[in-house]
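Trainee: I would like a close look at one part of this model, a single loop and what surrounds it. Please take it residue by residue.

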Amino acid sequence: MQVTSKDWIGYFRTFVIAVAVVGASSLHAAEEDPWEGVNRAVFTFNDKVDTYTLKPLAQGYQKITPDFLEDGIGNVFSNLGDVVVLTNDLLQGKIRDAGIDTSRILFNSTFGVLGFFDVATRMGLQKNDEDFGQTLGAWGLGSGPYVVLPLLGPSTVRDTFGRVSDAFLGPYPYMDHVPTRNVTRAVDVVDLRAGLLSTEKMITGDRYIFIRNAYLQNREFRTMDGEVEDDF
């Protein structure tokens with residue numbers, strides 16, 4: 001095939017555009033993740049802990065736990081989490097959503113036997129998804145740099161402060177019996193990790209970059225209630 005000067009101009013133009021896109025993406029990543037070196041070190045630590053402890057526990061838990069029991073346990077913790085969702089509905093002025101989540105808590109805690117059965121969803125009361133990190137975003141606070149927290153995983157500066165506030169809405173600070181609190185928290189963590197076993201198969205390429213990008217995009221989507229503009 002003969003290559004003309006016009007073809008070379010086209011190739012060069014495509015090359016320039018590609019370099020510009022890659023450069024912009026790299027600059028955008030540098031702005032979002034200025035502490036990448038430290039974050040990668042923490043990510044590696046977390047990954048080792050997960051590989052040798054949490055993941056095997058989650059796999060064993062999923063293997064020996066009947067599906068209906070695993071679903072029920074997940075529903076109980078989800079019902080407890082609805083308190084966080086409800087509070088942040090109110091802080092964001094989402095009155096309709098607050099009404100739905102109040103009803104979810106009432107129906108699931110009573111007819112659903114402390115949340116073991118998710119009767120609210122079957123009644124058409126769909127679960128909302130709010131936390132204090134999203135509330136701060138709704139109030140106009142930027143997410144800040146990406147952060148990988150030891151043992152807790154992906155976050156941002158804003159979401160880290162949000163985690164602290166939401167923690168006071170959970171049951172653990174108010175459980176005086178230490179063994180019960182520790183066992184409950186452990187089951188919560190293992191159940192959550194078991195629910196992620198199937199989704200981790202989607203990870204490709206550089207695990208750190210994949211998880212970072214997925215987390216940031218997901219958080220932006222949730223904070224903006226799905227109204228996210230493309231960067232390019």
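Trainee: Is L152 buried or exposed, and what is its relative accessible area?

Mentor: This is a predicted model, in which local features need pLDDT of at least 70 and side-chain atom pairs count only at pLDDT 80 or more, while totals for chains, interfaces and linings use all residues. Residues are numbered from 1 along each chain as its sequence is written, and side-chain values use heavy atoms, with hydrogens and water left out.

L152 is exposed, because its relative accessible area is 54% (exposed is over 50%, buried under 20%, partly exposed in between, with a 1.4 Å probe and protein chains only). L152 sits in the loop that links β1 (146-149) to β2 (153-156) (strands are DSSP runs of E, at least two residues, and helices runs of H or I, at least four, numbered from the N terminus).

L151 belongs to the loop between β1 and β2 as well. With a relative accessible area of 62%, L151 also counts as exposed. The backbone of L151 deserves a look: its phi is positive, about 70°, although the residue is not a glycine. Most residues other than glycine have a negative phi.

These two leucines, L151 and L152, join F45 in a nonpolar surface patch of about 340 Å² (nonpolar side chains joined within 5 Å, each residue having over 30% relative accessible area and no salt bridge, that is, no side-chain nitrogen of Lys or Arg within 4 Å of a carboxyl oxygen of Asp or Glu; areas are Shrake-Rupley).

On the β2 side of the loop, the next point concerns P154, whose number falls within β2 (153-156). The C-alpha atom of P154 is 6.9 Å from that of R212, although 58 residues along the chain separate the two. R212 is part of helix α9, which covers residues 207-223. Unlike the exposed L152, R212 is buried, since its relative accessibility is 5%.

For comparison with L151, consider L114. This leucine has a phi near 60°, again a positive value in a residue other than glycine. L114 lies in the loop between α4 and α5 (119-122). At 63% relative accessible area, L114 is exposed.

To sum up the part you asked about: the β1-β2 loop holds L152 and L151. Both contribute to the nonpolar patch with F45, and L151 carries the positive phi.

Technical notes: Patch = residues over 30% accessible without salt bridge, like charges linked within 9 Å, V, L, I, M, F, W, Y side chains within 5 Å. Areas by Shrake-Rupley, 256 points an atom, 1.4 Å probe, with all protein chains shown as cover.
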